[in-house]
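Reader: Could you walk me through this chain, one question at a time? I would like the cut-offs along with the values.

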Amino acid sequence: PSHLAFPMRFSVLTYNVLHNFGATRLLRGRSPGSASWASDRLQRAAELVQRLSPDVACLQEVDPAAEDAFDRALTGYEKAAVFRNEDLPPKDGCAIFVRSDAGLEVAGTHSWRLRDTAERHFPASAEIRGTAGLAAALWRELHEKLSVAIALQLRSREDSSREMYVATSHLYWDPRYPDLKLLQAFLLARELEGLAEETPLVLAGDLNSTPLADGRSNGDG
């Protein structure tokens, strides 16, 4: 089908901009000079994105201050989508900006919490809830985490039959919970597969994982 070929060169950037809650924690016990870094870090981060000039910029840990900073500092960009967690102290989430002259128009936006897709992809999960054991513990951990994802459906302005998706997410950070991150990654992949089907898709996010994390590959190929 024609939509399987996207005859354009385009660039995608992913950047965890660090929410203010995390930045404050990072600066505890640092030298007084670190305060100047904190005061303008979001402005400099936005200037870096502007200088690199990607067609699509996927941002993570976007709290209200970061959203405002990038709105003001990024010229020639459209804030295509933002999805933040209002229930957590950082009030952060993900955002996607699209360069206005990239030849792309936003045909649709999709945002969700990873945990909210669990029962759709694991229909038998209702049997786990309220039980004991490792599976139940993992299920509780999954539902305590509010990791979000955004997917943009993009269309070529020159040929509306040409479409693609660009998605971003931020998986749980703690290396002590690889099983949880694996489950989140599975749910993200399944949701994106169902959303995009055969349409080309680019996933750009902070996945808090390394390619050789399980030790099964020597890195060749």
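Author: Here are some questions and answers on the fold, one loop residue, the salt bridges and a surface patch. This is a predicted model, in which local features need pLDDT of at least 70, side-chain atom pairs count only at pLDDT 80 or more, and totals for chains, interfaces and linings use all residues. Residues are numbered from 1 along each chain as its sequence is written, and side-chain values use heavy atoms, with hydrogens and water left out.

Reader: Happy to start with the overall fold: how many helices and strands are there in the chain?

Author: Helices (H or I, at least four residues) and strands (E, at least two) are DSSP runs, numbered from the N terminus. Read from that end, the elements run β-α-α-β-α-β-β-β-α-α-β-β-α-β. The count is 6 helices and 8 strands.

Reader: What order do the strands of the open sheet have?

Author: Two strands pair if DSSP finds at least two bridges between them. E5 and E6 pair in the antiparallel sense over 9 bridges, and Leu 104 stands opposite Ser 156 in E6. The open sheet has 4 strands with mixed pairing, in the order E5-E6-E7-E8.

Reader: Which strands are at the edge of that sheet?

Author: An edge strand pairs on one side only. In this sheet, that description fits strand E5 (104–113) and E8.

Reader: Is Leu 146 buried or exposed?

Author: Leu 146 is in the loop between helix H5 (134–144) and strand E6 (148–156). Leaving aside residues up to four places away in sequence, Leu 146 touches Asn 85, Asp 87, Leu 88, Arg 113 and Arg 115 (contact means heavy atoms within 4.5 Å). Buried means under 20% relative accessible area, exposed over 50%, and partly exposed in between (1.4 Å probe, protein chains only). With a relative accessible area of 12%, Leu 146 is therefore buried.

Reader: And what separates the C-alpha atoms of Leu 146 and Arg 113?

Author: These two residues are 33 residues apart along the chain, and Arg 113 is among the residues that Leu 146 touches. Their C-alpha atoms are separated by 6.1 Å.

Reader: On to charges: how many salt bridges does the count come to?

Author: Side chains of opposite charge can pair when their charged atoms come close. A salt bridge is a side-chain nitrogen of Lys or Arg within 4 Å of a carboxyl oxygen of Asp or Glu. One of them joins Arg 84 and Glu 86, with the closest N and O atoms 3.1 Å apart. By this rule the count is 18.

Reader: How far apart along the chain are Glu 105 and Arg 155?

Author: Glu 105 and Arg 155 form a salt bridge with the closest N and O atoms 3.9 Å apart. The pair links distant parts of the chain, with Glu 105 in strand E5 and Arg 155 in strand E6, 50 residues apart.

Reader: In the salt bridge of Arg 99 with Asp 101, what are the closest N and O atoms apart?

Author: Arg 99 counts as buried because its relative accessibility is 18%. Asp 101 is exposed, with a relative accessible area of 57%. Their closest N and O atoms are 2.5 Å apart.

Reader: Last one: which residues form a nonpolar patch on the surface?

Author: Patches are made of residues with over 30% relative accessible area and no salt bridge; like charges are joined within 9 Å, nonpolar side chains (Val, Leu, Ile, Met, Phe, Trp, Tyr) within 5 Å. Accessible areas come from the Shrake-Rupley method with a 1.4 Å probe, and for residues only the protein chains shown count as cover. The patch has about 200 Å² of accessible area together, and its members are Leu 201, Leu 203 and Leu 207.
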